[in-house]
Amino acid sequence: MNEKKILIVRCGEVALKGMNKPYFERILAERIRKRLTASGFDGADVKRHEGLIFVRFDRGLEYEDVAKEISKVFGVASISPAVEAESNLDAIGEEAVKLMLELIEKRGVKTFKAEAKRADKSFPITSPEIAKMMGAKVLKGCKVLKVDVHNPDVLLHVDLRHDKSYIYTDKLQGFGGLPLGTNGKGLILLSGGIDSPVAAWMMAKRGMMIEAVHFHSYPYTSERAQAKVEELASIVASYCGGFKMHVINILPIQEEIVKNCPEAETTIHVRRFMMRIAEKIAEKSKVMMLITGENLGQVASQTAEALVVTDSVVKMPVMRPLIAMDKVDIMAKAQEIGTFETSIEPYEDCCTVFLPKHPTTKPKLERILQSEANLDVEALVAAAVESDTIIDIKGI
């Protein structure tokens, strides 16, 4: 019996990185190691070998518990509980029979199909021949089983390598993507809605470290509304690690806009100020781009014309990972990552304060600039940035 339980971790997109592949694999292995340590599995051994990552841990731990934590690490494509054997057919066959007998007892398995992959091309027998021989050994050792090549209860995999070989049946899917820290850092404009937490998660999945800025309108928005956003940030942080969240009260700016600008333009003006403030914070934090949860045409401030007018106030790139997604798909992703139930809690948002009855949907930049001439834009932005309160969001 193997002294340790083994999980095989596949790297997905990382495997396509050519000459940079070792760098991405090294970062991914380190992320897995940190995740397991933070989750209480600090005795796990994580090593890279021939394009895979092997995680070994005490037999007293459950495969499912360890695999669940690893599956949340961006860059992981899939995970398989495996048994290890010497790279000879008798040893592999013996372990394969043991594994199938366990599955017969636990799951009532009746049919199977064997597949083999010969990573060691010097091995004198081809992959189809290995699969055929393993199938014969399992049939001999497990009398109740039958082969079903079309719809088997279990697909038995044999991964034959130079030093050791691995036998497994299950694959737990990960989120894929790229390891955190391999694609710079972005600042998410984080609200209490459905979209922005998903946008942050999606950019983190592409390897980007996250920082956040949240705007509120206290006392029009409540402390409980801010607590809701902090809870959303914590859920996002459970995937991408802890980060700083900058909290800005934008009410003074909103009040100036209401007094000095046409009502229909209120939403656009507020959004432009948010982008200005976010860029200033990003520059101070050495963040390279802004991220929003905007979705084309979803609301008045997210029409093509409105987005062009909004972006014109910043020089920094603005990433909008949700821009072409259907709302139902965004909601489904929010449910998958665990933010949906918190997002739909009925607490007020700063964007609903002073909301115009008939907001402009096709703003003209010239008219917006004329209206903004009535405001001391630089002073308002500077005061908002100066009032920045930073909250440390904890994560695994």
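## Helix 3 and its surroundings

Which elements do the buried residues of helix 3 pack against? In this predicted model, they pack against strand 4 (78-86), strand 5 (111-118), helix 4 (127-141), strand 7 and strand 8 (164-168). If you would like to find these buried residues yourself, they are Leu89, Ala91, Ile92, Gly93, Glu95, Ala96, Val97, Leu99, Met100, Leu103 and Ile104.

The length of helix 3 (residues 89-107) can be checked too: at 1.5 Å a residue, its 19 residues should span 27 Å, and the 26 Å between its end C-alpha atoms agrees with that. Just past the end of helix 3 comes Gly108, with a positive phi of about 70°.

## A nonpolar patch on the surface

Now turn to the surface, where Leu139, Val147 and Val149 make up a nonpolar patch. Together they have about 230 Å² of accessible area.

Val149 sits in the loop that links strand 6 (146-147) and strand 7 (154-160). Its relative accessibility is 47%, so Val149 counts as partly exposed; a residue has to be over 50% to be called exposed.

## A six-stranded open sheet

Further along the chain, six strands come together in an open sheet with mixed pairing, in the order 14-13-10-11-12-15. Strand 14 (318-319) and strand 15 (389-393) are at the edges; each has a single partner strand, so one side of each has no neighbour in the sheet.

At one of these edges, strand 14 runs parallel to strand 13 (residues 289-291), and two bridges join them. Here you can see Ile291 standing opposite Met319 of strand 14.

Definitions and conventions:
Residues numbered from 1 in each chain as written. Predicted model: local features only at pLDDT ≥ 70, side-chain atom pairs only at ≥ 80, totals over all residues. Heavy atoms only, no water. Pairing = 2+ DSSP bridges. Helix = DSSP H or I, 4+ residues; strand = E, 2+ residues; numbered from the N terminus. Patch = residues over 30% accessible without salt bridge, like charges linked within 9 Å, V, L, I, M, F, W, Y side chains within 5 Å. Areas by Shrake-Rupley, 256 points an atom, 1.4 Å probe, with all protein chains shown as cover. Salt bridge = Lys/Arg side-chain N within 4 Å of Asp/Glu carboxyl O. Buried < 20%, exposed > 50% of the residue type's maximum accessible area, 1.4 Å probe, protein only. Expected span 1.5 Å × (residues − 1). Contact = heavy atoms within 4.5 Å.
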